Amino acid sequence: MKILVTAKRVEDPESKIKVKPDGSGIVPEGLKYKINPFDEIAVEEALRLSAAHTGDVVVVSIGTKDVHEQLRHALAMGATKAVWVNHTGALDQLAIARLLQKVVEKEKPDLVILGKQSIDDDQNQVGQYLAEFLGWSQATFASKVEALDSDAEKNKQPGLKLTADKKGLTVVREVDGGLSTLECSLPAVVTTDLRLNQPRYASLPGIMKAKSKPIEELTPAALAVDVAPKLTVTKLSSPPARKAGIKVADVPALVEKLKNEAKAF
Amino acid sequence: MATPTEQKTPSFMTSMCFGTIEEEQILPYPKTRPQDVELLKNVITSLDQLLKPHEKDFRAWDRAGEMPPSMIEELKQFGMFSLIIPESHGGMAMNATCYSRTLQEMAKYDGSVAVTVGAHSSIGMRGLVLFGTDAQKQQYFAKLASGEMIAAFCLTEPGSGSDAASIKTTAVKDGDHWVLNGNKLWITNGGIASFFTVFAKTGGQAERGNMTAFIVTKDMPGVSVGPHEDKMGLRASSTTTVHFDNVRIPAANVLGEVGKGFKVAMKILNSGRSGLGGGTIGVMKKLLALGTKQAKDRTQFGKPIAEFGLVKQKLGHLVVDCYATESTVNMLNHFVDSGVEEYAVEAAIAKVFGSEAMWRSCDEMLQVAGGNGYMCEFPYERIMRDARINRIFEGTNDILRLFISLTVLNEVGSSLKELSDSLKGIFDNPIKGFGVLSDYARRRAAIATGVKREKSHFTKLHPAVQEKGTLVEELTRDLAAAADRILRKHGKNIIGKQFATKRLADIMIDLFVLSCTLSRVSTAVQDKGAGNCTKELEILEVLSGQVRRRVKSNFNKIDDNDDEHIKSLANHALELEGYAWDNI
Ligand SMILES: Cc1cc2nc3c(=O)[nH]c(=O)nc-3n(C[C@H](O)[C@H](O)[C@H](O)COP(=O)(O)OP(=O)(O)OC[C@H]3O[C@@H](n4cnc5c(N)ncnc54)[C@H](O)[C@@H]3O)c2cc1C
């Protein structure tokens, strides 16, 4: 079973993110980067599936050479090979989905797993576009029944399950107020939610092995994709700083403030 | 003034003591190689994932005074014991730069974990890397890399600490075996190790310092370890006694040459310093993150305490200390990685400066936290307890100061023709009393007298920092004059003049740290432009001011000091075993 996964390079949410004064982007100095956490879950799921059903995991990332860091990390986790789409500059979700479509057509996996969204832009679109462009079945927000502290999780059992005839996939989805289980035929596009699994860390031997694993370079031109954005980000701004709170003497004072100052009722 | 003309390239600081600035040794400031950057980023990402979930555990293990076997197991699985082992044996093949940086990251989380890993790689198995035969490496590397064997370094004994040459453990040849007997004290990893680098006397009772290093494994009959020590800090790291009772060691397990064990021990300690230095940087970075947050969150007198000058003063000094230590440790790592042979003095300087800067930082950030800093619920007190040992182990800072100056005084002394006769031999014997010193101090170099002045100036500095370069040049002349003056003043008696020796060491420490920082800032300005380096230029401004004032003061104290009074008062107290002036 061949599985293709994505590993987008995103700002580490633990580094201090500041918007540039002119709103054209964020200040890059001092930022740390990592694999989009949803993608990391996708990589983990793919590794578990491939361990259970033998197969290869191909990891894809789009961006400047900096994304090698994330590709190497996925390779160190255990992915078999990496594809780097070399591109500098902004991309919209449509262009990303088109690029991934071409990579998928080239790699011919049985399954594509992506994060449901990336934590930088929070768009939640690429997986859906991709399934549409490929004409494949899709299952979004994959989760699982077992809790993250269950034995199934500790034993690294996949949350996505192949059907008995191996031609389909059972996916538990997180929906408002519960879980819905659906079955889709392969090939399919699956996007991951947070509770699907707990990604492993790359061990040091894994990092050493990753050094000699191949990273194939492609470009939008070579893939014949027009990446001119149809959507552009015009301005970023920080949320307004929260004003300091105050202490009130007692409940009547609180009620008074809520009523007359906050106009809460 | 004299100048060195030995065959071997003298170390940067040795040259400085002759008034020579070997600027190409430190300029431009070394850059981490791209492949190392990539490796480190991957390692750090994984390390965070490994250690972050344990943040609460570290505190609990400190209280309990022990780390559970499951954590050691996790470290093994992660590959944490493979850092400096060659790739062909399943290791990470890290150079000093990468190794140091990896320990830095670990030290940000927990001292006990960092020292467990550090004692294995920095000293426990370093002898095998430096002196092991192919057969020995073949036999042990893979097991050490996987953590199947954890390593420990066994030098210290109940009666032998700083004076390492005085060990009593013996090894006696018996056919194709050696029979080992003795007791070792305070051995890091003692309770979890199965590979011991052990030092034992092989030269009979009278022959001081004749010792040999052996590889001893836990499965050899007669090896046993004592209970886990109850310590001030690093409480979760294993420290035990190790005992050898008629242990038969195959002759093939000799590490290095028979009789050259002292040199083996000193080389191991030298070469392991990049790990300890890295650790000090990690702790300072962590303290800066904790202290700045604390200062912003805590309000007194209606303002966050971060707005008060005396709080800012502590934070600002920590920034300078951290940057200066990092500049120095990185330079040391560069020396090691680029194959510089003479770096023992610089390694000792990095250890002394880093461990003391870290200690100041612990103290000051605990102060910023106030009463909270004193509470075990907050991390400051644990970080401080864990940090303290760094000024003691791997050579106390006092002994290292003596080592730093006596090593170069030896060279300067040899070069002073008119003194050479009166000095002859003084470093041969008494210095063995200083343990770590003897090997280096015994070196003899053919140094001609004469004044060579062409290398007394910087030519490669960025103009923006030239003024600080001129200061270093001036202080270098002071240093050379101080070395010369101290030797002329005390001659053969220098060994007994520890106050003067320490003063010279302090000047050398300051000058090396300033030189490394100057190089780093100069190169940063060259690369990024002065406009993008305003803070780094300020750091240099502060550090050079501190160094200038301290060096001048130490220089003046060569002649104008209270040494004899202080000694006399100490003698008085020693005689009374206490204090004489009660007011009731
Ligand atoms: C937690 C911990 C872990 C350790 N791990 C290891 C290990 O893994 N392997 C190992 O072999 N050892 C280990 N040690 C031992 C450590 O290296 C020694 O404690 C250290 O070398 C100092 O020796 P000492 O404690 O006997 O002090 P001493 O040598 O007794 O020194 C006491 C004081 O006297 C000063 N002093 C001694 N001689 C002189 C002199 N000539 N001139 C001026 N001042 C002097 C010292 O600077 C110090 O201040 C460890 C110790 C601790 C506490």
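User: What is the expected span of a helix here, and does the numbering start at 1?

Analyst: The expected span of a helix is 1.5 Å times one less than its number of residues, where helices are DSSP runs (H or I, at least four residues) numbered from the N terminus, and strands are runs of E of at least two. This is a predicted model, in which local features need pLDDT of at least 70, side-chain atom pairs count only at pLDDT 80 or more, and totals for chains, interfaces and linings use all residues. Residues are numbered from 1 along each chain as its sequence is written, while chains are lettered from A and ligands numbered from 1 in the order in which they are written.

User: Why does the length of α2 (residues 34-51) of chain B agree with what it should span?

Analyst: Because its 18 residues at 1.5 Å a residue should span 26 Å, and the end C-alpha atoms are 25 Å apart.

User: Which residues of α2(B) are buried?

Analyst: Buried ones (20 or more other C-beta atoms, placed from the backbone, within 10 Å of their own) include L39(B), N42(B) and V43(B). The buried residues of α2(B) pack against β3 (33-35), α2 and α6 of chain A, together with α4 (69-78) and α5 (96-109) of chain B.

User: How many residues of chain A are in contact with chain B?

Analyst: 12 residues of chain A are in contact with 16 residues of chain B, contact being C-beta atoms, placed from the backbone, within 7 Å. On the chain A side, α2 (68-77) and α6 (204-211) give two or more residues each.

User: Switching to the ligand, which residues come nearest?

Analyst: Of the 23 residues around the ligand (C-beta atom, placed from the backbone, within 6 Å), L155(B), T156(B), G161(B), S162(B) and D398(B) come nearest.

Definitions and conventions
Contact = placed C-beta atoms within 7 Å. Buried ≥ 20, exposed ≤ 12 C-beta atoms within 10 Å, placed from the backbone.
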